[in-house]
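Thanks for sharing this one. Here are a few points to look at with the structure open beside you.

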Amino acid sequence: MSTTVYDIGDRVRLYFDVTSTAGVYVNTGVKLVVNKPSGTKLEWETSSTNSTAVDHYSTGKWQKYITVDQAGRWTYQAYSTGSAIVSQGGAFAVRTLVAST
């Protein structure tokens, strides 16, 4: 599987779903953790109705846009803070943009 590659300054969409044990999309609180290449950890947590930290755009569907500012491998993981099931994550790469001459 190939890794998506971005440039420093790009806006990256991180998205994930929240489902019940029966596989039905549900609304619940979520926590999103992003690990920068430097080791710095970014975290956002939200309730099922508060969508200021992470955008809740449909039942059981969440997203967060971040602007990447470091080259290297970034990882992210989403968790449910309620009784629903979510533990989705991923990784992407950011390259240093080399100026053309």
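1. Let's begin with strand S2, residues 11–17, in this predicted model. Val12, Leu14 and Phe16 make up its covered face, while Arg11, Arg13, Tyr15 and Asp17 sit on the uncovered one. In a regular strand, side chains alternate between the two faces of the sheet.

2. Which strand is joined to S2 by seven bridges? The partner is strand S6, residues 61–67, and the two run antiparallel. If you would like a place to check the register, Arg11 stands opposite Thr67 in S6.

3. Do look at the open sheet as well: five strands form it, in the order S1-S8-S7-S3-S4, with mixed pairing. Its edges are strand S1 (5–7) and strand S4 (41–46), each of which pairs on one side only. From one strand to the next, the twist averages 25°.

4. Within that order, strand S3 (residues 30–35) and strand S7 (residues 72–80) are joined by six bridges in the antiparallel sense. A handy marker here is Lys31, whose bridge partner in S7 is Tyr79.

5. Finally, a residue in strand S1: Asp7. Is Asp7 buried or exposed? Its relative accessible area is 15%, and buried means under 20%, so Asp7 counts as buried. The side chain of Asp7 makes a polar contact with the side chain of Arg95, at 2.5 Å. Leaving aside residues up to four places away in sequence, Asp7 touches Val68, Val94, Arg95 and Leu97. Arg95 is thus worth a look in your viewer, as a residue that Asp7 touches and also meets through a side-chain polar contact.

Definitions and conventions. Residues numbered from 1 in each chain as written. Predicted model: local features only at pLDDT ≥ 70, side-chain atom pairs only at ≥ 80, totals over all residues. Heavy atoms only, no water. Buried < 20%, exposed > 50% of the residue type's maximum accessible area, 1.4 Å probe, protein only. Helix = DSSP H or I, 4+ residues; strand = E, 2+ residues; numbered from the N terminus. Pairing = 2+ DSSP bridges. Axes fitted to C-alpha atoms, helices over the stretch in contact; angles between N-to-C directions. Polar contact = N/O pair within 3.5 Å; in protein donor to acceptor, adjacent residues only side chain to side chain. Contact = heavy atoms within 4.5 Å.
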